[in-house]
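Here is a quick walk through a predicted model. Have the sequence and the 3D view open as you read.

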Amino acid sequence: YGGAVALAALAVHPIARRVDQTAQLLVHDVYAYTDENRPLLVNPRAMLENTSPVYGRRRLVFRNVADTMRAVDLAKRYGPMSVVLLDRSDSEMFRMDSGENARLVEKLHAACDLRPLHEGTYGRGLRLRIFEVVTCRTT
């Protein structure tokens with residue numbers, strides 16, 4: 001019985017290590033491509049665990065706030081900001097969340113100049129996109 005437990009632990013360890021390394025790389029990239037002086041517009045379902053104060057100081061603006069405001073008003077209220085969106089495909093909830101991310105990017109792109117800063121994939125089904133909102137048009 002003890003041998004089976006040890007064998008199972010040895011089999012799970014590489015998987016757990018790979019998941020941990022993926023999370024570390026994703027968090028590293030979020031903080032490497034963003035500035036602590038710019039608020040981050042994030043999708044909270046997928047990004048909260050990756051933007052913890054433990055990793056560094058960042059002011060977060062949740063996507064649902066952006067959904068209710070015009071892009072130009074968002075820019076006026078928060079000033080220069082970065083958009084940090086994590087698309088996940090590991091559940092129906094996250095697939096819907098990714099669709100909402102796409103709609104937000106379309107909305108912002110229609111009213112603002114966005115500068116892509118980073119796009120990366122992490123493990124299976126994780127895509128991180130980081131943009132800088134440069135300027136927004138008033139009309």
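Let's start at a turn. In the hairpin that strand 4 and strand 5 make, four residues sit between the strands, and G123 there adopts a positive phi near 60 degrees. The two strands of this hairpin are antiparallel and pair over nine bridges. To find your way along the pairing, look for T121, which stands opposite R127 in strand 5.

Strand 5 has another partner as well: strand 3 (residues 81-88) runs antiparallel to strand 5, with eight bridges joining them. Here L85 is the residue to look for, as it stands opposite R129 in strand 5.

Here are the two pairings side by side.

| Strand pair | Sense | Bridges | One facing pair |
|---|---|---|---|
| Strand 4 and strand 5 | antiparallel | nine | T121 and R127 |
| Strand 3 and strand 5 | antiparallel | eight | L85 and R129 |

Now for the cysteines. How many disulfides does the count come to? The count comes to one, and the disulfide joins C112 to C136 with an S to S distance of 2.0 Å. The link between C112 and C136 is right-handed, with 90 degrees about the S-S bond. It ties together distant parts of the chain: C112 belongs to strand 4 (residues 112-121) and C136 to strand 5 (residues 126-136), 24 residues apart. In general terms, a disulfide is a covalent bond between the sulfur atoms of two cysteines. Is C112 buried or exposed? C112 is buried, and C136 is buried too.

Next up is an acidic residue, D29, found in helix 1 (residues 2-32). D29 is buried but has no salt bridge; R58 is the nearest side chain of opposite charge, and R58 is 11 Å away. What does the D29 side chain make a polar contact with? The partner is the side chain of Y122, at 2.6 Å. Setting aside residues up to four places away in sequence, D29 touches Y122 along with H118, L128 and I130. Of these, H118 falls within the residues 112-121 of strand 4, while L128 and I130 fall within the residues 126-136 of strand 5.

Last stop: S98, in helix 5 (residues 92-111). Why does S98 count as buried? Its relative accessibility is 14%, and buried means under 20%. Apart from neighbours within four places in sequence, S98 is in contact with D87 and R88. Both D87 and R88 lie in the range given for strand 3, residues 81-88.

How values were computed
Residues are numbered from 1 along each chain as its sequence is written. This is a predicted model: local features need pLDDT of at least 70, side-chain atom pairs count only at pLDDT 80 or more; totals for chains, interfaces and linings use all residues. Side-chain values use heavy atoms; hydrogens and water are left out. A disulfide is a pair of cysteine sulfur atoms within 2.5 Å. Buried means under 20% relative accessible area, exposed over 50%, partly exposed in between (1.4 Å probe, protein chains only). Lys and Arg count as positive and Asp and Glu as negative; His and the chain ends are not counted. A salt bridge is a side-chain nitrogen of Lys or Arg within 4 Å of a carboxyl oxygen of Asp or Glu. A polar contact is a pair of N or O atoms within 3.5 Å; within protein, one must be able to donate a hydrogen and the other to accept it, and residues adjacent in sequence count only if both atoms are side-chain atoms. Contact means heavy atoms within 4.5 Å. Two strands pair if DSSP finds at least two bridges between them.
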